[in-house]
Amino acid sequence: VLYHTGCQLLSLVLFPAGVAVAFFSRELLSFYVRNQAVVEHTHTVLSLLVIGNMGLSIMLLPLALQLGYGWTTLSLYKNIVAVILFVPAMYLMILRYGTVGAALVWIALTMGYVLIEIPLMHRRILEGEQARWYLVDIGVPLAISIIVLGVSRLIPPVKATSLVAIP
C-alpha cells in the first residue's frame with residue numbers, strides 16, 4: 001500500500017509539472033530566455049528532455065523498492081545494457097538529428113526502463129501489482145495531465161493588457 005501511495009503522490013506532483021513544461025516549452029523559454037532565436041532552436045529539445053526525465057523520475061520508487069528488497073542485480077544489469085545501447089544510439093542519432101536525436105534516445109532509454117524493468121520487478125516483488133502500477137499509480141495522473149494541459153494548449157492565448165504583459 002505504501003509503495004502504491006508513494007508512486008501515486010509522485011505522479012501527482014511530477015506529471016502536471018512535466019507535461020506543462022513539455023506542452024508550453026516555447027512560452028516558458030520565451031519568458032525565461034527572451035531571445036526568440038534561442039527559443040525556436042531549443043523549445044523542442046526542452047520538451048523531449050522533460051518527457052525523458054519524467055520517465056526516469058517515475059522509476060525512482062520502483063528502484064527504491066528493489067534496493068530495499070536487496071535486489072541490486074536488476075539495476076546493475078539494466079544499466080550495463082543501457083550503456084551498451086545508449087552510447088552508440090546517442091552517437092548515431094546526434095549525427096543524424098542533432099540535439100533532437102539525443103533527446104529522442106533519452107526518451108527511448110527511460111521508456112525502456114518503464115516497459116521492461118517494471119514487468120521484471122513486479123514478477124519478483126509485489127507479484128500481481130503491475131497492472132495497478134501502470135493503470136492507477138501512473139496512468140490516471142498522466143492521462144489527466146495530458147488531457148487537461150492538452151486542452152489548455154489548444155485554447156488560443158488571450159492578449160494580455162499592458163498592466164500584466166511582461167516586457
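In this predicted model, Ser75 is in contact with Leu63 and Gln66, leaving aside its neighbours within four places in sequence. Ser75 belongs to helix H5 and is buried, with a relative accessible area of 10%. Its C-alpha atom lies 9.8 Å from that of Tyr113, a residue 38 places away in sequence.

Gln66, one of the two partners of Ser75, is part of helix H4, which covers residues 60-69. With a relative accessible area of 0%, Gln66 falls under the 20% limit and is therefore buried. Beyond four places in sequence, Gln66 touches Trp71, Leu74, Ser75, Glu117, Met121 and Ile125.

**Overall architecture**

The protein has 7 helices and 0 strands, so that the order of elements from the N terminus reads α-α-α-α-α-α-α. The C-alpha trace spans about 60 × 40 × 20 Å along its principal axes. Of the 167 residues, 32% count as buried. Among contacts between residues at least 6 apart in sequence, 73% join residues at least 24 apart. The exposed surface comes to about 10400 Å², and carbon and sulfur atoms supply 75% of this area.

**The nonpolar core**

The largest nonpolar core contains 21 residues. Phe15, Ile58, Met59, Met121 and Trp133 are those with the most contacts inside this core. Two or more residues each are given by H1, H5 (73-97), H6 (99-124) and H7 (130-154). H6 supplies the largest share, 6 residues.

Trp133 is found in H7. At a relative accessible area of 0%, Trp133 is buried. Which residues does Trp133 touch, not counting those up to four places away in sequence? They are Tyr3, His4, Cys7, Ile58, Met59, Pro62, Val114, Ile118, His122, Ile138 and Gly139. One of these partners, His4, is 129 residues from Trp133 along the chain, yet the two C-alpha atoms are separated by 6.9 Å.

Met59, also listed among the core residues with the most contacts, touches Tyr113, Val114, Glu117, Ile118 and Trp133 when residues up to four places away in sequence are not counted. Val114 and Ile118 thus appear in the contact lists of both Met59 and Trp133. Glu117 is a partner of Met59 and of Gln66.

**Helix packing**

Two packed helices are described by the angle between their axes and the distance between the axes. Two pairs are set out below.

| Helix pair | Axis approach | Crossing angle |
|---|---|---|
| H1 (residues 2-23) and H3 (residues 36-57) | within 9 Å | roughly 170 degrees |
| H6 and H7 | within 9 Å | roughly 135 degrees |

The angle between H1 and H3 is over 145 degrees, so the two helices count as roughly antiparallel. On the H1 side the contact is made by Leu10, Leu14, Phe15, Gly18, Val19, Val21 and Ala22, and on the H3 side by Leu46, Ser47, Val50, Ile51, Met54 and Ser57. By class this contact has 10 nonpolar, 3 polar and no charged residues. Phe15 of H1 takes part in this contact and is also listed among the core residues with the most contacts.

The crossing angle of H6 and H7 makes this pair oblique. Here Val114, Leu115, Ile118, Pro119 and His122 of H6 meet Gln130, Trp133 and Tyr134 of H7. The contact has 6 nonpolar, 2 polar and no charged residues. Trp133 is one of the H7 residues in this contact, and its own contact list includes Val114, Ile118 and His122.

**Loop residues with positive phi**

Most residues other than glycine have a negative phi. What sign does phi take at Arg34, which is not a glycine? It is positive, at about 60 degrees. Arg34 sits in the loop between helix H2 (25-33) and H3. Its relative accessibility of 47% makes Arg34 partly exposed.

Leu126 likewise has a positive phi, about 55 degrees, although it is not a glycine. Leu126 lies in the loop between H6 and H7, the pair of helices described above as oblique. With 34% relative accessibility, Leu126 counts as partly exposed, whereas Trp133 in H7 is buried.

Key:
Residues numbered from 1 in each chain as written. Predicted model: local features only at pLDDT ≥ 70, side-chain atom pairs only at ≥ 80, totals over all residues. Heavy atoms only, no water. Axes fitted to C-alpha atoms, helices over the stretch in contact; angles between N-to-C directions. Helix = DSSP H or I, 4+ residues; strand = E, 2+ residues; numbered from the N terminus. Parallel < 35°, antiparallel > 145°, perpendicular 65-115°, else oblique. Contact = heavy atoms within 4.5 Å. Nonpolar A, V, L, I, M, F, W, Y, C, P; charged D, E, K, R; others polar. Core = buried A, V, L, I, M, F, W, Y, C linked by side-chain atoms within 4.5 Å. Buried < 20%, exposed > 50% of the residue type's maximum accessible area, 1.4 Å probe, protein only. Areas by Shrake-Rupley, 256 points an atom, 1.4 Å probe, with all protein chains shown as cover.
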